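Let's take a walk through this structure together, beginning with a bit of vocabulary and then going from side chains to strands. Keep the 3D view open as you read.

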Amino acid sequence: MSNPFPPGTKLPHHLAIIPDGNRRWAKEHNLPTLQGHLKGFGALLHLARAARNWGIHTTTVWIFSTENWKREKSEVSYLMKIEEEMIKKYLPELKKEGVRIIHLGRKDRIPASFAKTLAQAEKETLKNEKHVLNIAVDYGGR
């Protein structure tokens, strides 16, 4: 992906992404909520890749806030599952591109397998310096 910005454009060093509206999008398209989340993750992946290609060093994705625990258990379970699967699926790509993964938030309330996946991703990318991907899960905004 080439840089779509006019010559001389200064890009930020750090980009923070807070996905919002996935459930609204699904409702507007007469789709189940979970389909909205899946579509949102696709957009998030596209944007995070673009940020790296544009030379943005650090990207923070806030994918699950402490307030999200109030949602239906089935939705929370689905979100945790898809978030864990995305990390597993894209970890080889991130390692190859020199991305360091850092988890922001609590690990004690998320499913044990997800906490283990996050910890393993952090360990495997600890020495990467080209880019940083902060993944905010069970992270509070207040």
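A residue counts as buried when its relative accessible area is under 20%, as exposed when that area is over 50%, and as partly exposed in between. Take Glu97 as a test case: its relative accessibility is 29%, so Glu97 counts as partly exposed. Bear in mind that what you're looking at is a predicted model.

Now for the charged side chains. The structure has 9 salt bridges, and a good one to find is the bridge between the side chains of Arg49 and Glu93, at 2.7 Å from N to O. This pair ties together distant parts of the chain: Arg49 sits in helix H2 (residues 33-53) and Glu93 in helix H3 (residues 73-96), 44 residues apart. How open are the two partners? Arg49 has 30% relative accessibility, so it counts as partly exposed. Glu93, at 21%, is partly exposed as well, since the buried class is kept for values under 20%.

Next, look for Arg52, whose side chain forms a salt bridge with that of Glu97, again listed at 2.7 Å, N to O. Here too the link spans distant parts of the chain, with Arg52 in helix H2 and Glu97 in the loop between H3 and strand E3 (99-104), 45 residues apart. Arg52 comes in at 10% relative accessibility, so this one counts as buried. Put the pieces together and you get a network of salt bridges linking Arg49, Arg52, Glu93 and Glu97.

For a more local link, stay in helix H3. Lys88 and Glu84 both lie there, 4 residues apart, which is about one turn of the helix. Their side chains meet in a salt bridge at 3.4 Å, N to O. Glu84 has a relative accessible area of 10%, so it is buried.

Time to turn to the strands. Four of them make an open sheet in the order E1-E2-E4-E3, with parallel pairing. Strand E1 (14-17) and E3 stand at the edges; each has a single partner strand, so one side of each is left without a neighbour in the sheet. From one strand to the next, the twist averages 15°.

Zoom in on E3 and you'll see that it pairs with strand E4 (residues 131-139) in the parallel sense, over 6 bridges. His103 stands opposite Ile135 in E4. Helix H4 (residues 112-124) packs on the sheet and touches both E3 and E4, and its direction makes about 140° with that of E3.

Technical notes:
Residues numbered from 1 in each chain as written. Predicted model: local features only at pLDDT ≥ 70, side-chain atom pairs only at ≥ 80, totals over all residues. Heavy atoms only, no water. Salt bridge = Lys/Arg side-chain N within 4 Å of Asp/Glu carboxyl O. Helix = DSSP H or I, 4+ residues; strand = E, 2+ residues; numbered from the N terminus. Buried < 20%, exposed > 50% of the residue type's maximum accessible area, 1.4 Å probe, protein only. Pairing = 2+ DSSP bridges. Axes fitted to C-alpha atoms, helices over the stretch in contact; angles between N-to-C directions. Contact = heavy atoms within 4.5 Å.
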